[in-house]
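Got your viewer open? Let's take a short walk through this one, stop by stop.

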Amino acid sequence: MSLDEKLFEIKRKWIPVYFILLIGLIILAIHFILMAYFTNNQDYASFSLLTLVAAGYIGYNLSKFLNTIISKYTTVKLLTCKKCGYSNEDKNVDKEDYVMKEDGICPKCGGKMIIEGIYRIEEKTKPSLLELFGLKKKIRNRFK
Ligand SMILES: [Zn+2]
């Protein structure tokens with residue numbers, strides 16, 4: 001798991017709390033506005049303003065978080081055919097794999113494929129709402 005993903009996991013736990021807080025503040029603000037309207041009491045007006053500011057702050061943070069882009073890393077190995085030069089990236093990296101190891105048969109010419117390199121590729125993703133609420137498993141094991 002990358003640092004991005006770890007931070008994301010920590011923040012994600014707070015999302016439902018923020019949502020409940022936001023809804024609570026909005027209800028409170030509506031309540032104060034109605035009270036201010038019906039009782040003509042200035043105190044209710046300032047309370048409603050305060051709760052609206054707080055709701056706005058939480059809403060802003062929430063929307064910022066919902067737009068977070070996180071980096072995912074996938075380990076791949078670059079396989080190259082010694083005979084014809086055909087190459088492709090394979091995501092099925094084993095613990096036993098190493099550079100220059102023979103690995104499989106070339107689909108083009110039937111020659112031996114060797115591992116030219118093992119590296120990580122970065123993918124930028126934006127988590128969906130379902131993932132944020134933990135309703136969908138987001139981070140699967142990418143290191144088979
Ligand atoms: Zn080949």
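How many bridges join strand 1 to strand 2? Select residues 70-81 for strand 1, then residues 87-90 for strand 2. Four bridges join the two, and they run antiparallel. Keep in mind along the way that this is a predicted model.

Zoom in on that pair. Leucine 79 stands opposite asparagine 88 in strand 2. Now pick out the turn: strand 1 and strand 2 form a hairpin with five residues between them. In that turn, glycine 85 has a positive phi of about 85 degrees.

Next, widen the view to the open sheet, where four strands are laid out in the order 2-1-4-3 with antiparallel pairing. Strand 2 and strand 3 (102-105) are the edge strands, each pairing on one side only. On average, neighbouring strands here are turned by 50 degrees against each other, ignoring direction.

Go over to strand 3 and add residues 112-125, which are strand 4. Two bridges hold this antiparallel pair. Click isoleucine 105, and you'll find lysine 112 of strand 4 opposite.

Now for a helix: select residues 15-39, helix 2. At 1.5 Å a residue, its 25 residues should span 36 Å, and the end C-alpha atoms are indeed 36 Å apart, so the two agree.

Which residues of helix 2 are buried? Highlight Leu25, Ala29 and Phe32. Bring up residues 42-66 as well: this is helix 3, which is included in what covers those buried residues.

Last stop: asparagine 40, just after helix 2, which takes a positive phi of about 60 degrees.

Methods: Residues numbered from 1 in each chain as written. Predicted model: local features only at pLDDT ≥ 70, side-chain atom pairs only at ≥ 80, totals over all residues. Pairing = 2+ DSSP bridges. Axes fitted to C-alpha atoms, helices over the stretch in contact; angles between N-to-C directions. Expected span 1.5 Å × (residues − 1). Buried ≥ 20, exposed ≤ 12 C-beta atoms within 10 Å, placed from the backbone. Contact = placed C-beta atoms within 7 Å.
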